[in-house]
Amino acid sequence: MKHVRTHRAASPWLFLLPGLATVTAFSLYPFLTTLHKAFTDALTLTPGAWVGLRNFRDMAHDEQFWVALRNSGLYVVLVVPFTVLLPLLLALLVQKRIPGVTFFRSAFYTPVVASSVVVALIWGWMLDDRGLVNGILRVLGAGPFAFLGDEWLLLFSAMALTVWKGLGYYMVIYLAALAHVPRELYEAAAVDGAGALRRFTAVTVPAVRSTMALVGALSSVAAFKVFSEVFLLAGPTGGPAGQDTTLVMLVQRTGTGLNGRVGYSSALSLVVFAVALLLMLLVLRADRTRRPE
Amino acid sequence: MPIPRRAAAATVPLLVSALTLTACGSGGTDSGGGDAGGKPEGDITFQTWNLRSNFKDYFTGLVAEFEKANPGVRVKWLDQPADNYADKLSADAAAGTLPDVVNVSPDLSYPLAKAGLLMNLDKEPAAAEFKGEYTPEAWQGNALPGLGGSYSFPWYLNTGPLFYNKALFRQAGLDPEKPPKNYGELFAAARTIAERSGGRTATLGGTPAVEDFGRYGVRLMNGDATRFTYNEPKGVELLTEYKKLYDLGGLDPQSLTNTPDKTGQKFLEQKVAMNPGSAHDLENFKKNAPGLYRELGITDAPNNTGKPNMYVMGLGVSSRSKHKAAAVAFARFVTDRKNQEAFAHKVAVFPSTKGSLDDPYWTKDDGTDEGRVRVASAKMLKGAVNYTPVVLSEEMKTVLKNEVAKALQGKKTPQRALDDAVAQSDKLLKQG
């Protein structure tokens, strides 16, 4: 006991030490290194020299950067509304205590645990010009559509994959939130004559609004940082003529390999970080301003 | 003055973290040790590229044989998967842990050599003395422009035949026994296949890569490899022909994004009529597409220069190796005539040692498909060149592919697309 008392001040730090060391080594240090490299012309095998803002100026003149920024931005604008609303509707469906609902809960969650690579490969086969989807469309007298050959169809296909894969994850978050909504509110609304839609807008949405903001913030950042879905469907070149490249794909393309432009890639990473942070702050702030005092 | 306990407690984690972090960057500037011409001794590491799964016994035996002949040397064999090999090398190089003997292709050895991490074999007498054991083309294939020498012992060579689907040729009214030999014939055949199939059957699954420009006779770079030149009129002519073919449906609809794996799959599914490959593919066709295998035609890749393309593998020696004599001796041992020929009997690759390809194994057709491909490929290798410039990085390949795609889509003229690709690649070359 005496020993413990002697080191009372140090004890919390000792408990924190493993976590602090991990965060410092794997988050803080890489971040600081990236911050420094962003202002150098470092390559994979050479440390490089300080070049000030040159990497950011180069970025402004890099056609691929603007294409990537557009695609990552579009991903946020088009994917986030679906990842905020659809999982809520799914959660409402599977929240009901009906026979077999456990099966559906598990089924909706399966894509979350499935490997992104495997899922993207399966989608790739389905969306091929002679794949399952085009086969069905052909029977219906439509198509074929170049889901993997047209830059826009490819990007929308990747977005659909992202939404589908994220549904289960966000559904579980909503299920936890819905469990805390008092049943009496629904009963009172029903007694007052509110229909299903009215109960949804007047009871469910206000009750889970904070969770919606959280899901919005999480999915905005995830959408802006999208990589694997687009990379696997569009290929390493980023779709036809690189028109489906996203910012993180550009970071990967420019910064890896033996000839990697680490300085430029780090500058791109900083832009991704800054925009993702801004998105998160905006969503959370929007929630705070709407919340009644 | 004693340090306050609270401050000391706060310092501990920071200190530990700092120590952990500084350990990450301790690659140092050690320029290695030992005399490459001395007696081979010490522990060395040897890294291959995706060879353990199929050739474990061969390499284990090779290492044991070398250690027996050189009792003072111990070799630790490492193998890396095929994917992201360049990233693995760059991580090793940055950490100062590049293996003593490392499997590299010329495009991988270039940045390593440029950073001073590989030994210049031409300038190291203990290594240069073996130069005469390899074919001049193979030794030259590992020479790096601007760096004054060759940086890897030539190892195995490969060249790809072009496979074609005789049934699809027949359906288009083409003679399946007369496949196209040059690009003019290829374009004519592709046009016929596209027209007769109403655009349903593509001839090729991918867009032209830098090797195609080389085989078409386009000058890819200037003499001292400081500037790309594939936007010259001949390059524009090739891309213009591809554009016409793309519009006709001669290229797969997904050709702008297809990877070699995907085009291989499409050929397997009989969706495209021709596909470059290697003798490895025969087993795959036999097993997974017996219908295709029965209709399989094998020919040389189209060529307008008379010089086929060749892929070169080599073994580099780390300039920072602590046991250079052992590393040089082992790299030479793995790549000597006896061992190269033994390895090439196990897998469909070709030895780069002088005289090896005159052996009946590579000159006499034994009547099997494998034998036919082997003899045809070995014949092609005589006089073959590595068209891919060693300074061409992955990013530059992506630039070319994307600009070619813009030309095929009609977003840019072929001239403009190639001018832009050359400008971007030249810029990257200067930065590198």
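Chain A is built from 14 helices and 0 strands, and in this predicted model the elements of chain A, read from the N terminus, accordingly run α-α-α-α-α-α-α-α-α-α-α-α-α-α. Taken along the principal axes, the C-alpha atoms of chain A fill a box of roughly 80 × 70 × 35 Å.

Two helix pairs of chain A, both involving α4(A), serve to show how its helices pack. Two packed helices are described by the angle between their axes and the distance between the axes. Helix α4 of chain A, residues 63–95, and helix α8 of chain A, residues 151–178, pack at an angle of about 40 degrees, with their axes 6 Å apart, which makes α4(A) oblique to α8(A). The crossing in which α4(A) passes α8(A) is right-handed. On the side of α4(A), the residues that meet α8(A) include Tyr75(A), Leu78(A), Val79(A), Phe82(A) and Leu86(A), while those on the side of α8(A) include Met159(A), Val163(A), Gly166(A), Leu167(A) and Tyr170(A). By class, the residues of this contact between α4(A) and α8(A) divide into 18 nonpolar, 5 polar and no charged.

The second partner of α4(A) is helix α11 of chain A, residues 209–224, and here the axes come within 8 Å and cross at roughly 150 degrees. This crossing of α4(A) and α11(A) is right-handed. From α4(A), the residues Ser72(A), Tyr75(A), Val76(A), Val79(A), Val80(A), Thr83(A) and Val84(A) meet a set in α11(A) that includes Met212(A), Val215(A), Gly216(A) and Phe224(A). The contact of α4(A) with α11(A) has 9 nonpolar, 5 polar and no charged residues. Tyr75(A), Val79(A) and Thr83(A) appear among the residues of α4(A) that meet α8(A) and also among those that meet α11(A).

Chain B brings strands into the picture. Five of them form an open sheet in the order β2-β1-β3-β10-β6 (chain B), with mixed pairing. Its edge strands are β2 and β6 (152–158) of chain B, each of which pairs on one side only, and the twist from one strand to the next averages 20 degrees.

The sheet can be followed strand by strand. Strand β1 of chain B, residues 42–49, and strand β2 of chain B, residues 73–80, pair in the parallel sense over 8 bridges, and within this pairing Thr48(B) has Asp79(B) in β2(B) as its bridge partner. Between these two strands the chain passes from β1(B) through helix α2 of chain B, residues 52–69, to β2(B), in a β-α-β crossover that is right-handed. The strand β1(B) is also joined by 2 bridges to strand β3 of chain B, residues 101–104, and these two run parallel; here the partner of Gln47(B) in β3(B) is Val102(B). Val102(B) has a bridge partner in β10(B) as well, namely Gly316(B), and the pairing to which that bridge belongs joins β3(B) to strand β10 of chain B, residues 311–317, through 4 bridges in the antiparallel sense.

Helices also lie against this sheet. α2(B) packs on the sheet and touches β1 and β2 of chain B, its direction making about 165 degrees with that of β2(B). α4(B), by contrast, lies across β3, β6 and β10 of chain B and runs at about 35 degrees to β10(B).

Elsewhere in chain B, α18(B) and helix α19 of chain B, residues 414–431, pack at an angle of about 165 degrees, with their axes 8 Å apart, and the two helices are therefore roughly antiparallel to each other. Their crossing is right-handed. The contact includes Met396(B), Val399(B), Leu400(B) and Glu403(B) of α18(B), together with Ala417(B), Leu418(B), Ala421(B) and Gln424(B) of α19(B). In this contact the residues divide into 10 nonpolar, 2 polar and 4 charged.

What, finally, does each chain give to the contact between chain A and chain B? The contact takes 38 residues from chain B and 35 residues from chain A. On the side of chain B that touches chain A, the elements giving two or more residues are α1 (5–24), α3 (85–95), α4 (106–114) and α18 (394–409) of chain B. Of these, α1(B) gives the most, with 10 residues. The residues on this side of chain B divide into 17 nonpolar, 12 polar and 9 charged. Two of the contributing elements have already been met, since α4(B) lies across β3, β6 and β10 of chain B and α18(B) packs with α19(B).

Conventions
Residues are numbered from 1 along each chain as its sequence is written. Chains are lettered from A and ligands numbered from 1 in the order in which they are written. This is a predicted model: local features need pLDDT of at least 70, side-chain atom pairs count only at pLDDT 80 or more; totals for chains, interfaces and linings use all residues. Two strands pair if DSSP finds at least two bridges between them. A crossover is right-handed if, with the strands pointing away from the viewer, the path from the first strand over the helix to the second runs clockwise. Two residues are in contact if their C-beta atoms, placed from the backbone, lie within 7 Å. Ala, Val, Leu, Ile, Met, Phe, Trp, Tyr, Cys and Pro count as nonpolar, Asp, Glu, Lys and Arg as charged, and the others, Gly among them, as polar. Axes are lines fitted to C-alpha atoms, for helices over the stretch in contact, and angles run from 0 to 180 degrees between N-to-C directions. Angles under 35 degrees count as roughly parallel, over 145 as roughly antiparallel, 65 to 115 as roughly perpendicular and the rest as oblique. A crossing is left-handed if the near helix is turned anticlockwise from the far one by less than a right angle, and right-handed if clockwise.
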